[in-house]
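Reader: I'd like a close look at a single part of this one, please. Could you pick a spot and walk me through what surrounds it?

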Amino acid sequence: MSMDMDRKRARDGWLLSAPALVLLILAASGPLLIVVIYAFLTPGEYSGIVWDFSLKAWFQVLFERDIFDQTVSFADAHLTIFWRSVRLSLVTTLLTFVFGFPTAWFIATRPPNQRAMWLFLITIPFWTNLLIRTFAIMEVIRLDGILNNALMGIGLLSEPLRIMYTDTAVLIGMTYVYLPLMVLPLFAAIDRLDFRLVEAGYDLYATRWQVLRRIILPIIKPGIIAGSILVFVPSLGAYVTPRLLGGGKKMMIGNFIELQFGAGRNWPLGSALSLILLLIVGIALIFYVRASTRSDANG
Amino acid sequence: MAERKRRRFSITALPGFSTLAIVTFLVLYVPIVTMVVYSFNASMSVAVWGGFSLEWYVYAWNNTLVQEATVRSVIIAVCASGIATTVATMAALGTTRRGRYKGQTIIYLLINQPLMVPEIVTAVALLIVFASIKVATGYTGLAYLIIAHSAFCIPFAYLPIRARLEGMDLTLEIASADLYASPWRAFRRVTLPLLAPGIAAGAMLAFVISLDDVIITEFVKSAGQDTLPTYMLGQLRRAVTPEVNAISTALLVLTVLLLTLFYLLTRRRD
C-alpha cells in the first residue's frame with residue numbers, strides 16, 4: 001500500500017516536472033552535450049565541423065605548431081588569455097569584497113526602518129541590465145568622460161587618463177557590475193550575526209581589530225564564500241564587460257570562445273575552451289558546496 | 001574650556017566602514033545618474049552638456065530599428081516568461097510537499113543548470129544546435145529565441161514559486177478534500193489562489209531576465225532579429241549618441257517599476 005503511494009508520488013512528481021525538463025534538455029543540457037562531442041571533432045573548412053574524431057582542439061588549447069618548420073611550442077597568446085581571465089576574476093572578487101563588506105555592514109547596522117531603503121538601493125543596480133551598467137561606467141572612464149573632466153577641471157591632471165581598453169578598465173567595469181552580487185550574501189550573513197558575541201568580545205577587552213578578525217569574520221565566513229563564488233563565476237565567464245571595456249585586444253576566455261565561433265572559424269577549439277571554462281566553474285562550485293557544508297557542520 | 005566631545009562606544013561601528021559604504025553607494029550611483037542626465041542632453045555628444053531636451057527620446061521613439069527591436073523584445077519576453085512560469089509552476093508542484101523521491105536531485109540539477117553554467121557556454125551550445133536546425137529546416141523565425149529564453153528563465157520563475165509553496169499551509173487543501181472537492185477543483189479553488197503571488201513574482205523575474213538578456217540572444221538570433229539589448233550592444237561598438245542613454249533610461253525605469261511591484265508582491269503580510 002505505502003509502496004504504491006510512494007511510487008505514485010514519484011510518478012506524479014516526474015510528470016509535473018516533465019514539461020520543464022523537456023524544455024531544459026532541449027535548450028540547455030542537450031546542447032551542452034553536443035559541445036562535448038564537438039570538442040573532439042575536426043574543424044570544417046569555413047565554419048562548423050567535419051565528423052572526424054580529433055584531439056587537435058585540445059592540443060591547440062595549450063600548444064601551437066609552427067607552420068613552417070612544424071616545431072611545437074606553447075601557445076603564449078592562449079595562456080595569456082587564461083591567466084588574464086583568472087587574475088582579473090580573482091582581483092575583481094577581492095575588490096568587490098573590499099567595497100562590499102563595509103557596505104553590507106553599513107546596511108545591516110542601520111535602524112530597521114532605514115534598512116529596507118538601503119537594501120533597495122543595492123537591489124536596483126543588481127536587477128538593472130548588465131549592458132546598461134557597463135555602458136554607464138564606460139561613460140565615466142572614457143577619455144572625455146566625467147572622471148577625466150572632473151580631475152582635469154580641479155587641476156589634478158593635465159592630461160586625461162587613458163583607462164579604456166586596458167586591463168584596468170575591465171577590472172573597474174567588472175568590480176562595478178558585480179558588486180551587488182557580493183553585498184547581498186554578505187548582508188544576509190551579517191544580518192543573522194548575534195551582536196551579543198561582539199559585545200562579549202569588547203567586554204573581554206578585545207580591540208576592534210581583534211573582534212573583527214576573531215569573532216565577526218569567522219561567523220560570516222559562509223556569506224564571504226557565497227559572495228566570492230557569486231562574483232568569481234560570472235567574472236570568469238564575462239563577455240559583455242571585457243568586450244566593451246577591453247576592446248578587441250584585452251580578451252578574456254568568454255571573448256576568446258566567441259572568436260572561435262566567429263572569425264576564428266574553429267568550432268572544436270571553441271568547444272574545448274567552453275569545456276575548460278565549465279570545468280573551472282565546476283571546481284569553484286564544488287569548493288563552495290564543500291566549504292558551506294563544512295561550516296554548517298561546525299556551526 | 002574646551003570640553004572634549006565623548007562619543008558613546010557603539011558595538012556595531014567599525015572604523016571607516018560607514019565612510020567606505022557611502023563612497024561605494026556614490027560610486028554605484030554616479031554613473032547611473034550621469035547616464036540618465038545625459039539622456040536629456042540637447043547636443044550630439046554623450047560628454048558635453050548642451051542644454052535640456054527630449055530630442056533623443058523622440059529620436060529613439062521614431063527610429064524604426066528601435067521600434068522593431070522593442071516589439072521583438074516584448075514578444076519574446078512575454079512568450080518566454082509565460083512558458084517558463086507555466087512549466088516552473090508545474091515543476092514546483094512536482095518537487096515540493098510530496099516528500100523525497102528518487103531522482104529529485106536530477107530534477108533540481110536540471111532546473112538550476114542555467115544558473116550554474118556560464119552564459120557564454122550555453123550561448124555557443126545553442127548556436128551549434130540551432131544553426132544546424134536552421135540549415136536543415138530553413139525556418140529562421142523567433143521560435144529559437146523564445147525556446148532559448150524560456151529555458152534559461154525557468155529557474156528564475158521556479159525559485160519564488162517554490163518558496164511560496166513551501167511556506168503554504170496544507171490544512172486548507174486537506175479541508176477542501178474533506179469537503180469532497182476533487183483534486184483538480186481543490187487545486188483551482190484553493191492552491192492556485194494562494195500560490196498566485198508567488199507565480200506573479202516568478203513571472204515578473206522571468207520577464208525581466210528575458211528582457212535583459214544579451215549574450216544568448218546575440219548568438220541565437222538570425223540576421224535582422226535584434227532585440228533591444230543586442231541593438232544597444234551594436235550601437236555601443238560604434239560612435240555612441242545619447243540615443244543609447246535614452247533607451248537605457250527607459251529600460252531602467254521599467255526595471256525599477258517591476259522591481260517595486262515584485263517587492264510588494266513578495267512582502268510578507270504581518
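Author: Here's a walk through one helix pair, followed by a look at where the chains touch. Keep in mind that this is a predicted model.

Let's start in chain B, with helix 3 (residues 64–95) of chain B and helix 6 (residues 143–166) of chain B. Their axes come within 6 Å and cross at roughly 45°. An angle from 35 to 65 degrees falls between roughly parallel and roughly perpendicular, so helix 3 of chain B and helix 6 of chain B are oblique to each other. As for handedness, the crossing of these two helices is right-handed.

Who does the touching? On the helix 3 side of chain B, the residues include B:I76, B:C79, B:A80, B:A84 and B:A88. Across from them, helix 6 of chain B brings in, among others, B:L145, B:H149, B:C153, B:A157 and B:R162. Sorted by class, that contact has 17 nonpolar, 5 polar and 1 charged residues.

Now for the chains themselves: 68 residues of chain A are in contact with 69 residues of chain B. On the chain A side, helix 1 (residues 2–38) of chain A gives the largest share, 22 residues. That side of chain A splits into 47 nonpolar, 13 polar and 8 charged residues.

For a single residue that reaches across, try A:A136, which sits in helix 5 (residues 130–141) of chain A. Setting aside neighbours within four places in sequence, A:A136 is in contact with B:P31, B:I32 and B:M35. A:A136 has 27 C-beta neighbours inside 10 Å, so it counts as buried, the cut-off being 20 or more. Back within chain A, the C-alpha atoms of A:A136 and A:G173 are 9.5 Å apart, with their positions 37 residues apart along the chain.

Key. Residues numbered from 1 in each chain as written. Chains lettered and ligands numbered in written order. Predicted model: local features only at pLDDT ≥ 70, side-chain atom pairs only at ≥ 80, totals over all residues. Axes fitted to C-alpha atoms, helices over the stretch in contact; angles between N-to-C directions. Helix = DSSP H or I, 4+ residues; strand = E, 2+ residues; numbered from the N terminus. Parallel < 35°, antiparallel > 145°, perpendicular 65-115°, else oblique. Left-handed = near helix turned anticlockwise from the far one by under 90°. Contact = placed C-beta atoms within 7 Å. Nonpolar A, V, L, I, M, F, W, Y, C, P; charged D, E, K, R; others polar. Buried ≥ 20, exposed ≤ 12 C-beta atoms within 10 Å, placed from the backbone.
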